[in-house]
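I sat down with this one to see what could be looked up from the atoms alone. My notes are below, in the order I made them.

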Amino acid sequence: MDNNKNIEQVSKIKTIGIPTQEEIKQAQIDFSPRCTSAGRVNDKETQKMVEYIMNFARKHSLFVLAYGTGCGAIEIPATMTSRYDAERFGMRGAATPRQADVLLITGYLSTKTLKRVIRVYEQMQDPKYVIAFGSCTINGGMYFDSYNTINALDRYLPVDVYIAGCMPRPESVINGIVKLQGLIQNGNAGGGKCYKDNLDWYRENQQKVIKNWDFPDDYNW
Amino acid sequence: MEGILFKIFGAFITALLAFTVGMLFGGLRRKVIARAQNRVGPPVYQNFLDLLKLQSKTTNIAHGFMGHMAPVWIIIAAMTTLMFIPVLQGDLWFENLTMKGDLIFLLYMMVFGNLGMALGAGQSGNPNSVLGVSRGLSQLVGFEIPYFLAITALMLQFQTTTIAEFLNIQAETGVWIVLQNPFAFIAAVLASLGMFMYAPFNIVGAPAELASGPRAEFGGKYLGTMMTGGAVFAFIKLVLMVDLFLGGAGNNNLEGIAGTAVGLLELLLKTFLFYMIPVFVAIVSPRYRTEQAIRFFWKWPTFFGILAIVWALYKNGTFN
Amino acid sequence: MSKLKKENKILDKLKNVFDITGEIKYKKRVSIKADKKNVSSILLFLKNQKGYIHLNHISCVDWIEENKFELIYIVWNPNNKLTVLVHTRIDRENPVMENIDTIWDQANTYEREFREMYGIEFPGLVGRKEFILEDWDNIPPMRRDFDSQKYALENFATRPGREDAQDVREAIQKRSGEELPDFAKKYSRD
């Protein structure tokens, strides 16, 4: 290939800049969040006393599995220790997905990491919730044009609460936790149920990104 | 006939008391640690909420027969051990079963729960669990030696192996065993740091290293049952130490329900004060490695244990 | 030039021994351009004879207009604190470069990264083909003819922005009445 041809080729490529509106519209294929009101755990009308008490216990005892991706992992120690003290809400770190209730995803997810996160999420026991942290999980954030990070987490996992910010400060994290507590008390935090109901849709999206799909059928190992 | 009914009723009440106090002390521990770190901390009843939530979780995994049995085994071990501890001296409900030589029986029974845990963790197949079990057994070898030395010193000094006898001796002489054989108390306290498995001896369930060790594959109801067993075991260890060294509780002249109430208050106070020793050590300590922990237990606690035996033989009159 | 005595000394020495061109960038930094086949002998010479025992970094630049990849080996001498940059250009169509992880072990990491990110082959390089990426099936992503944004739009769906999201430049322009400079108009949204 001679040099002139290469220069022509390069000039066609737009390496820097904002995508045009048409390009973005083409990319917004079937972007409808699946879990808005469909994932209710229990209806208000049929809410029993037992369920009320259980929800009370659930919301005040959140075992958090912090999946420390990206820069958000540094906000978690600040949130948990003396200054902001998330333990007063009953939050507590869980070491393994078996014991955890909340999966806290703290930043961008590369496709390589997404595979591990999905496995972690599927090993958790119901009822389980996902808190997505930072603008990277909402729309890609500053990694919107990266070749290796996903842009919107809720196409691959059901997200109960988003915490916006880059990075969100510990106050915002606590705000998100309180929001999740409210959802749990009302019986609206049904991400796990939603995931089961729409598993085909989620699997389709996941397999689009994760090319070498070698997941186990069940997690009894 | 009436006696048996009282015993059965007393067993239920004792189990309830052990569960409540154990869980409450766990919550108090978290609160104390939080206050020491200048935090607000969780409420005192946080452990009850945790338990309720864990019991409300679903389980869709199975790790074989021993995986199911491990928490049950721990509860069985805890309850059996509890039944042989005289919680209040001479009380109709809280004295429970006493027999000759129950101290030796207890020493073996307290390892039984760990054994169930080890088997369950082994069947789950998680490498972290297996590592945690091997660490736990190493630590057991570490702290059992000073602990056994301390208990043996008491047995030698007072020529008995019955816990109720120790209580009677302290009530008759009016002097607690902590003053009669201080070296045994020191050895037992140092060993109890390892028994409670808080920092610096939390090498078994180190969350950042081993992903909570033997519990790694247990969640939900299994974890809740294990928490209950752990709380009861904490109560057992505390009451045993109070019975053996700090004069026990319930030795008062009041009659009926008032005597029981005063005795319970005394028990709570003594156990709480003793419980604060490992908790305060845990607040200011990082984590030991396994060989460091064993080296610690085999150095000073063992030295004090041997000293306690020499002291016991001296008091006993063997050297005369 | 008397101040740059050490720099001149090493540059002259290299020019005498090898067929290179070079210059002194600034104090304590010497940059030389060498042929592809000379690079390993230059690096060996610098390491064994001249005490440049530390490999700081290996960098790669894609000169797509000239159809070349440029590899830059940065070595450092802890005694006189001099840094030497060895530039070399290799063919972009069939990029093969000599493997130098026998000289410095840590070069292995850089070379595996270049193999994955630029597609440069290093004969005899040890290690798995997959290094940072997983299941990559496109052209190597750090090449300039790979359009990262297009790839992201095709594979990872984007979320529509807020209705009231404003272009910062236009908003400032409206507020202050300033004229947009020409270079900024290129990136305008409309």
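These entries go from confidence to chain A, then to a helix in chain B and some aromatic rings.

**Entry 1: confidence**

I began by noting that this is a predicted model. For the complex, I found that the predictor reports an ipTM of 0.81 and a pTM of 0.82.

I then went chain by chain. Chain B has an average pLDDT of 86, and 100% of its residues score at least 70. Within chain B, I found the lowest confidence in helix α9 (residues 207-210), with a mean of 78, and the highest in helix α2 (residues 46-55), at 91.

For chain C I noted an average pLDDT of 85, with 92% of the residues at 70 or above. Its lowest element is helix α6 (residues 182-185), with a mean of 71, and its highest is strand β4 (residues 68-77), at 92.

Chain A averages 78, and 78% of its residues score at least 70. There, helix α1 (residues 3-12) has the lowest mean, 50, while strand β3 (residues 102-105) has the highest, 90.

I also looked for the stretches of chain A to treat with care. Over residues 10-17 of chain A the pLDDT stays under 50, and the model has 12 contacts beyond four places in sequence for them. Residues 36-40 of chain A also stay under 50, with nine such contacts.

**Entry 2: chain A in outline**

I counted up the elements next: chain A has nine helices and five strands. Read from the N terminus, the order is α-α-α-β-α-β-β-α-β-α-β-α-α-α. Of the 221 residues in chain A, 50% are buried. I also checked the contacts in chain A between residues at least 6 apart in sequence, and 79% of them join residues at least 24 apart.

**Entry 3: the sheet of chain A**

How do the five strands of chain A line up? I traced an open sheet with the order β2-β1-β3-β4-β5, and its pairing is parallel. Strands β2 and β5 (161-163) of chain A are the edges, each pairing on one side only.

I followed β3(A) to both of its neighbours. With β1(A), the pairing is parallel and runs over four bridges. Here A:A66 stands opposite A:L104 in β3(A), and A:Y67 stands opposite A:I105. On the other pairing, four bridges join β3(A) to β4(A), again in parallel, and A:V102 stands opposite A:Y129 in β4(A).

Are the two faces of β3(A) covered or open? I found both covered: A:V102 and A:L104 on one side, A:L103 and A:I105 on the other, are all buried. A general reminder I jotted down is that side chains in a regular strand alternate between the two faces of the sheet.

What packs on the sheet? I found helix α7 (residues 170-186) of chain A there, touching β3, β4 (129-133) and β5 of chain A. The direction of α7 makes about 170° with that of β5(A).

**Entry 4: helix α2 of chain B**

I went back to α2(B) and asked how many of its residues are buried. Seven of the 10 are, so α2(B) is largely enclosed by the rest of the structure. The buried ones are B:Q46, B:N47, B:L49, B:D50, B:L51, B:K53 and B:L54.

Which elements do they pack against? From chain A I listed α3 (49-59), β1 (63-67) and β2 (92-93), and from chain B itself α1 (2-36) and α10 (221-245).

**Entry 5: aromatic rings and charges**

Over all chains I found 38 aromatic pairs. One of them is B:W300 with B:F304, a tilted pair at 6.3 Å centre to centre and 40° between the planes. Both residues lie in helix α12 (residues 290-316) of chain B, four residues apart, about one turn of the helix.

Why does B:F304 count as buried? Its relative accessible area is 19%, and the cut-off for buried is under 20%.

I then looked at C:F146 and C:Y151, which form another tilted pair: 5.5 Å between centres and 50° between planes. Both of these residues are buried.

Back in chain B, I noted one aromatic cluster made of B:F183, B:W300, B:F303, B:F304, B:W311 and B:Y314.

Last, I checked for charges over rings. A:K128 lies over the face of A:Y121, 4.4 Å from the ring centre. B:K237 lies over the face of B:F196, at 5.3 Å from the ring centre.

How values were computed. Residues are numbered from 1 along each chain as its sequence is written. Chains are lettered from A and ligands numbered from 1 in the order in which they are written. This is a predicted model: local features need pLDDT of at least 70, side-chain atom pairs count only at pLDDT 80 or more; totals for chains, interfaces and linings use all residues. Side-chain values use heavy atoms; hydrogens and water are left out. pLDDT is the predictor's confidence in each residue, from 0 to 100. Contact means heavy atoms within 4.5 Å. Rings of Phe, Tyr and Trp (its six-membered ring) pair if their centres lie within 6.5 Å; planes under 30 degrees apart count as stacked, over 60 as edge-to-face and the rest as tilted. Buried means under 20% relative accessible area, exposed over 50%, partly exposed in between (1.4 Å probe, protein chains only). A charge sits over a ring if NZ of Lys or CZ of Arg is within 6 Å of the ring centre and within 35 degrees of the ring normal. Two strands pair if DSSP finds at least two bridges between them. Axes are lines fitted to C-alpha atoms, for helices over the stretch in contact, and angles run from 0 to 180 degrees between N-to-C directions.
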